[in-house]
Amino acid sequence: MPPTGHFINGSFVPGSSNQVIDVVDPSTEQVIASVQAGTAVDVDAAVEAAVVAQKSWGATTPKERADVLNLIANIIEANREAFEVIESANTGKPQAVAEDDVTSTIDTFRFMAGASRTLTSMAGGDYATDHTSVILREPVGVVGVITPWNYPLLMAAWKIAPILAAGNSIVLKPSEQTPLSTLKLAELLAGRIPDGILNVVTGQGRTVGQRLSEHPSIALVALTGSVVSGQAVAETAAKSVKRVHLELGGKAPVVVFPDADLRAAAAGVRNAGFWNAGQDCGAACRVLVHESVAEEFTEHLVREVGTLVVGAPEAGDDVEIGPMISRPHFERVKEALAEARTAGLHIAIGGSALEGPGYFIEPTIISNVPAGAHIATHEIFGPVVTVETFSNTEEAVTRANESPYGLSASVWTRDSSLSLRIPKQLDFGTVWVNAHLVLACEVPWGGFKGSGYGRDLSLYALDDYSRTKHVMINHGA
C-alpha cells in the first residue's frame, strides 16, 4: 500500500486535519486503508507548490517534457503488478480489467510523450503593414484535476499526461473512494520527476474539489465525473472566469438495423455493456433494435450475457464482472431494478443482487422497454442493458438523440450508406460502426450536451490544456 498523506512538492506530508476517510474493498466490504480528509489549507499548500514549479516546468522544451513522460511510463511498467493488485483491491476490478487499465495507462503516457513534440502553432506572417505576427502556444498554468472512481489510475493518466505535456503543473484530487493507485503513482515518482509539477490532495469533493474550483491561482479545472459534479465545478469556476474541461456521464445508444450481423452485435453489447461491471460512461447500455429482428437479437444477447462470470478478483481468471464500487451505488442500482419491476418491464435475464459479502449485481437485460422509460433514459452505471425497438430509420435517430447525454453511440449495419449517413445524424462525441467502446490514444474522447465538453486523448487534449497568444512586432519601432 502507498503512503496515505498528501503528496505536495515532491513528498508526502500530513494533512492539516486529523480526520481520515476509510477506503473499502467493494468485493469484501472490508476497510483496506484510510487516507487524509484534505482541507482548503492542504489545497492551498499544494497550489503554492504547483505555482512555483510551473514557472520552470513551463519553460522546458518539448523534448525535456517528453523525457519525463516516458520516464513515468517506464516506472509504471516496471511496477505494473503492484498497480494491478492495488487497483483490483480498491475497485474490485477483475484481473483482465485491471491489466487493461495499466496497459492503457502506460500507452497514454508514451503517446503524450511523442505528441508533446508535435504541438505547433499557425505560421506567423505580415497581416498589417510593417508588422509581423507570431502565434504562440503556451501552458495555461496550474490545472486542478478531479478524477473518478471507475478508472482511478487510467483517468488520472488521461489528465496528467496531456497537462504535463503542455507545460502545466497539477493539483489532483482522486476520488475519495479509490485514491490508492494515484497515491502509489505519486510514491513511485517522488524524486524522479521535478518537485511540485504533480501534487495529490485526497479528500471529499465538497472541500478539496470546491477549493480547487474556486482557487484564484488555478487557471483551469479538469473533471471526469457525474453531471452533478460537473455542474458544481462549472458554477464555482465561473465566478473567477476559470476554464473548465468536463467529461461527464453517458447513456450510449446502440442502434441495430435489421441488416446487421445480429450475433456480432449481441457479442459487442456483451463486451461493451458489461466491461468494468457497466461502470463506464461509454458503456453500451441502451439498445435500439429494429422491431423486425428484436426477438432474434434479444435471444442472442441473453445467451451471450448468460456466459458472464461474476465474482471477486481473486476468484479466478474467468471472472469478468466485479462489484459495484460502494454500498450507496449498489443500493442505487438495486433501486433502479426495483423500479423497472414495479413498472412491469420484462427482465430477460438477471435483475437481482447477489448474496454478500460484496456489492455484486447480476448481469441484467431488460427487454421490450417502451419509449421514454426512466431506466432507458437515466444513467444506471451498472451491469444493466435495456432493449427498445424502433420501426424506421428516422425514429431510430430521433430516439437515440433524445438522451440528455452526448458522449458515445454505436451503429450496427452492413449497409455502407447507413454506416456513413447515420453517424452524422447522431449527436454524440464518438460514434462507432459495428463496434463499441474501442479507444485509441490517437483519437479524441469527449462528449456533447450533458456529457460535457473538452477532449481527452489525442492532440486535441493538448489544445485544451494550452492557450493561444498573438505577438505582433512593429518593424519601425
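Reader: Which strands make up the open sheet of 3 strands, and in what order?
Author: The order is 5-6-22, and the pairing is antiparallel. Keep in mind that this is a predicted model.

Reader: Which strands sit at the edges there?
Author: Strand 5 and strand 22, which covers 466-474. Each of these two pairs on one side only.

Reader: How much are neighbouring strands of this sheet turned against each other?
Author: By 45° on average, with direction ignored.

Reader: Take strand 6 and strand 22. How many bridges join them?
Author: There are 9 bridges, and the two strands run antiparallel. One residue pair to look up is Val134 with its bridge partner in strand 22, Val471.

Reader: And strand 5 with strand 6, how many bridges there?
Author: Strand 5 (residues 125-128) and strand 6 (residues 131-139) pair over 2 bridges, in the antiparallel sense. Ala128 stands opposite His131 of strand 6.

Reader: What's in the hairpin between strand 5 and strand 6?
Author: That hairpin has 2 residues between the strands. Asp130 takes a positive phi there, near 60°.

Reader: Where do side chains point in a strand?
Author: In a regular strand, they alternate between the two faces of the sheet.

Reader: OK, the other sheet. What's the order of its 7 strands?
Author: It runs 14-15-16-13-12-18-19. The sheet is open and its pairing is mixed.

Reader: Why is one side of strand 14 and of strand 19 left without a neighbour?
Author: Strand 14 (346-349) and strand 19 (430-433) stand at the edges of the sheet. Each has a single partner strand, so one side has no neighbour in the sheet.

Reader: What does the twist average in that sheet?
Author: It averages 25° from one strand to the next.

Reader: Are strand 18 and strand 19 parallel or antiparallel?
Author: Strand 18 (residues 408-412) pairs with strand 19 in the parallel sense, over 4 bridges. Ser408 stands opposite Thr430 in strand 19.

Reader: Which helix packs on this sheet?
Author: Helix 13, residues 393-401. Helix 13 touches strand 12 (253-256), strand 13 (286-290) and strand 16 (384-390). The direction of helix 13 makes about 145° with that of strand 16.

Reader: New topic: pockets. What volume does the largest pocket have?
Author: About 1,100 Å³. The lining has 42 residues, and the closest to the centre are Trp149, Gly225, Ser226, Val227 and Ser229.

Reader: Which elements give two or more residues to that lining?
Author: Helix 7 (205-214), strand 10 (220-224), helix 8 (227-238), helix 11 (327-342) and helix 12 (374-377).

Reader: How does the lining of the largest pocket divide by class?
Author: It divides into 17 nonpolar, 17 polar and 8 charged residues.

Reader: And the second largest pocket, what volume?
Author: About 470 Å³. Of its 23 lining residues, Asp100, Ser104, Leu154, Leu437 and Leu439 are the closest to the centre.

Reader: Which helix gives the most to that lining?
Author: Helix 4, with 5 residues. Helix 4 covers 95-115. Helix 5 (152-165) and helix 9 (262-274) also give two or more residues. By class, the lining of this second largest pocket has 13 nonpolar, 5 polar and 5 charged residues.

Reader: Back to helix 4 for a second. Is Thr108 buried or exposed?
Author: Thr108, found in helix 4, has 2% relative accessibility. The cut-off for buried is under 20%, so Thr108 counts as buried.

Reader: What is Thr108 in contact with?
Author: Leaving aside neighbours within four places in sequence, Thr108 contacts Leu154, Ala157, Trp158, Ala161, Cys441 and Leu457.

Reader: Last topic. How many cavities of 30 Å³ or more are there?
Author: The structure holds 3 of them. The largest has a volume of about 80 Å³.

Reader: What lines the largest cavity?
Author: The lining includes Thr91, Lys93, Trp149, Asn276 and Ile325. By class, it has 5 nonpolar, 6 polar and 1 charged residues.

Reader: How much space lies in the second largest cavity?
Author: About 60 Å³. Among its lining residues are Lys251, Asp280, Cys285, Glu379 and Phe381. That lining divides into 5 nonpolar, 3 polar and 3 charged residues.

Key: Residues are numbered from 1 along each chain as its sequence is written. This is a predicted model: local features need pLDDT of at least 70, side-chain atom pairs count only at pLDDT 80 or more; totals for chains, interfaces and linings use all residues. Side-chain values use heavy atoms; hydrogens and water are left out. Two strands pair if DSSP finds at least two bridges between them. On a 1 Å grid over the protein atoms alone, a cavity is a set of points where a 1.4 Å probe fits but cannot get out, and a pocket is an open set with protein on both sides within 12 Å along at least five of seven lines; lining residues have an atom within 4 Å of a point. Grid points are joined across faces, edges and corners, and a volume is the space filled by probe spheres set on the points. Ala, Val, Leu, Ile, Met, Phe, Trp, Tyr, Cys and Pro count as nonpolar, Asp, Glu, Lys and Arg as charged, and the others, Gly among them, as polar. Axes are lines fitted to C-alpha atoms, for helices over the stretch in contact, and angles run from 0 to 180 degrees between N-to-C directions. Contact means heavy atoms within 4.5 Å. Buried means under 20% relative accessible area, exposed over 50%, partly exposed in between (1.4 Å probe, protein chains only).
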